[in-house]
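Me: I would like a close look at a single part of this model, namely one helix and what surrounds it. Please take the surroundings in turn and keep the reasoning explicit.

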Amino acid sequence: MLILHGFAYSNYYNIVKHALLEKGVSFSENTVYTTDPELRAISPAAKVPAITTESGDNLSETTAILEYLEEAYPDHPLLPAEPLARAKVRQVIKVLELYIELSARRLLPHALMGGEPNADTVTEVKTSLERGIAALNDICTPSPYLCGDTLTLADIYCRYAMAIPQLVGPKVLGMDIVAAIDGLPGLMAKLAESEVSQKIDADMRANQAEFMQKIRERQNS
């Protein structure tokens, strides 16, 4: 059976977990944190998520894992069949990753722990976020999903990639990033209603206290 390594409070872990559940792939979960030495043997950069395939091979990096799942488990596909349509899904994911999630993540410590962020960093993050918002408004019109009438990896990625921007935006930047993207508030509400999303959200809440304890331990070490 495939094993998913990581922890339920990680948005990237939940992207892969959501895809596995949507595709109906049987898997078990191994809770491991980035500070745990054992992770290095599974994930070369000690990042989560990682998977151990049914053949016993390890694989890390979220987008690489998603591509593997699509190829290894073709039933219930989460990418369109047509090449250009598939590329457009990947395009949306890349914009979400580079300009939205990773940019907002730079201010996450301030959203969680308080303190005044560096003004230059705030300017850089805002510029990148505005670039990403404009790009998504150009390439996406939810109808009802980001890339058409069928749920794809773009929607799953978006749901969890927006977790940190939704936290950082109001607290640190005074921005509502979801509201700035056409049709996204409605899509986020729609995605939240699914049984898969509700299970993942419940697991995430259950892991919150342990995750925050790990953060405190790392700060005190």
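The part I have in mind is helix α6: which elements do its buried residues pack against, and how many of its nine residues are buried?

Reply: What follows begins with the helix itself and then moves outward through its surroundings.

The model is a predicted one, and its helix α6, which covers residues 153-161, is mostly covered, with nine of its nine residues buried. These are L153, A154, D155, I156, Y157, C158, R159, Y160 and A161, a list that takes in D155 and R159 as well as C158. The buried residues of α6 pack against six elements: α1, α2, α3 (83-105), α7 (163-173), α8 (184-192) and α9 (195-220).

One residue of the helix can be followed further. C158 is buried, with a relative accessible area of 1%, and the limit for that term is under 20%. It is also among the residues touched by L184, whose contacts, once residues up to four places away in sequence are set aside, are P142, L146, C158, M162 and V178. L184 and M162 have a particular standing, since of the 57 residues in the largest nonpolar core these two touch the most other members. Apart from that core lies another, of eight residues, among them V32, Y33, V48 and M212.

The cysteine in α6 raises the matter of disulfides, and the structure holds zero of them. For C147 the closest cysteine sulfur is that of C140, and because the two sulfurs are 5.4 Å apart, they are too far from each other for a bond; the cut-off for a disulfide is 2.5 Å. C158 is likewise in no disulfide, the nearest cysteine sulfur being again that of C140, at 7.9 Å. As to accessibility, C147 is partly exposed, with a relative accessible area of 32%, whereas C158 is buried at 1%.

Among the partners of α6, helix α1 leads on to the sheet. Helix α1 (residues 11-23) lies across β1 (2-6), β2 and β3, and it runs at about 155 degrees to β1. The sheet is open and has four strands in the order β2-β1-β3-β4, with mixed pairing. Its edge strands are β2 (27-31) and β4 (58-60), each of which pairs on one side only, and the twist averages 25 degrees from one strand to the next. At the β4 side, three bridges join strand β3 (residues 50-52) to β4, and these two strands run antiparallel. Within this pairing, the bridge partner of I51 is L59, in β4.

A second partner, α2, covers residues 62-72 and includes A72. A72 counts as partly exposed, because its relative accessibility is 34% and the band for that term lies between 20% and 50%. From the C-alpha atom of A72 to that of L84, which is 12 residues away along the chain, the separation is 21 Å.

Another of the partners is α9, the helix in which N207 lies. N207 is buried, with a relative accessible area of 8%, and, leaving aside its neighbours within four places in sequence, it is in contact with F7, A8, Y9 and Y33. Of these contacts, Y33 is also a member of the core of eight residues.

Helix α5 (residues 119-139) is not listed among the partners of α6, but one of its residues, S128, can be set beside N207. S128 counts as buried, because its relative accessibility is 16%, under the limit of 20%. Outside its neighbours within four places in sequence, S128 is in contact with L98, Y99 and S103.

It remains to place these pieces in the chain as a whole. The chain has nine helices and four strands, and from the N terminus on its elements run β-α-β-β-β-α-α-α-α-α-α-α-α. The radius of gyration is 17 Å, close to the 17 Å that the globule rule gives for 221 residues, so the chain is as compact as a globular protein of that length. Along its principal axes the C-alpha trace spans about 50 × 45 × 30 Å. Buried residues make up 46% of the 221 residues, while in α6 nine of nine are buried. Finally, among contacts between residues at least 6 apart in sequence, 71% join residues at least 24 apart.

How values were computed
Residues numbered from 1 in each chain as written. Predicted model: local features only at pLDDT ≥ 70, side-chain atom pairs only at ≥ 80, totals over all residues. Heavy atoms only, no water. Core = buried A, V, L, I, M, F, W, Y, C linked by side-chain atoms within 4.5 Å. Buried < 20%, exposed > 50% of the residue type's maximum accessible area, 1.4 Å probe, protein only. Contact = heavy atoms within 4.5 Å. Pairing = 2+ DSSP bridges. Axes fitted to C-alpha atoms, helices over the stretch in contact; angles between N-to-C directions. Rg over C-alpha atoms; globule rule 2.2 N^0.38 Å.
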